[in-house]
Amino acid sequence: MNKAWHPLSKSDKPSAVSRKHLESAITKVVKSVLDCEAFVGVIIQRIEPKSSTDPNWAVRGVRFGKADRDKSGKVLATVVERMQREFSLTDDQDDAAQTKGLNNK
């Protein structure tokens, strides 16, 4: 089979990960950049993809902490763009529990 027409060398389907894992991974990468160490984290929200190739998640909120907002924002945008191509959000049942937990704090 000729793979020349295929734009990706690996599977078309992004790896499925949990919301918690995705939030943690994004936060870790942003915090690893100089002047972004004080970055606190992101909140991921499931979205309805417009097409089968679009991501099924987006950043709902950002907690910058005392990190440089401009630099952290630029790093975050780059990281999210890459991870949206690589990862899809799983249909984990703890999404509702996590949302309720946020409201109780």
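Let me begin with one term: a residue is called exposed when its relative accessible area is over 50%, buried when that value is under 20%, and partly exposed in between. Keep that in mind, everyone, and one more thing: what we are looking at today is a predicted model.

Let's start with helix α2, which covers residues 69–86. How many salt bridges does a search of the whole structure find? The answer is four, and I'd like to walk you through some of them.

Take R85. Its relative accessible area is 57%, and because exposed means over 50%, R85 counts as exposed. R85 forms a salt bridge with E81, and the closest N and O atoms of that pair are 3.5 Å apart. Both residues sit in helix α2, four residues apart, which is about one turn of the helix. And E81? At 48% relative accessibility, E81 falls in the partly exposed class.

Right beside them in the sequence we have another pair. The side chains of E86 and R82 meet in a salt bridge, with 3.5 Å from N to O. Here too, the two residues lie four apart in helix α2, about one turn. E86 is partly exposed at 28% relative accessibility, and R82 is partly exposed as well, at 35%.

Now please look at D70 and K74. Their side chains also meet in a salt bridge, again 3.5 Å from N to O. This pair belongs to helix α2 and is spaced by four residues, about one turn of the helix. Are D70 and K74 buried or exposed? Both of them are exposed.

Let's turn to the inside. The largest nonpolar core has 17 residues, and the ones that touch the most other members are L22, I26, V30, F39, I44, W57 and L76. Which elements give two or more residues to this core? They are α1, β2 (41–46) and α2. Helix α2 turns up again here, since the largest share of the core, five residues, comes from it.

W57 deserves a closer look. Leaving aside neighbours within four places in sequence, W57 is in contact with a list of residues that includes L22, I26, I44, V80, M83 and F87.

Finally, meet R19, in helix α1, residues 19–31. At 10% relative accessibility, R19 counts as buried, because the cut-off is under 20%. So where does its side chain go? The side chain of R19 reaches the backbone oxygen of I44, at 2.3 Å. And I44, you may remember, is one of those core residues that touch the most other members.

Thank you for listening!

Terms used: Residues numbered from 1 in each chain as written. Predicted model: local features only at pLDDT ≥ 70, side-chain atom pairs only at ≥ 80, totals over all residues. Heavy atoms only, no water. Buried < 20%, exposed > 50% of the residue type's maximum accessible area, 1.4 Å probe, protein only. Polar contact = N/O pair within 3.5 Å; in protein donor to acceptor, adjacent residues only side chain to side chain. Core = buried A, V, L, I, M, F, W, Y, C linked by side-chain atoms within 4.5 Å. Contact = heavy atoms within 4.5 Å.
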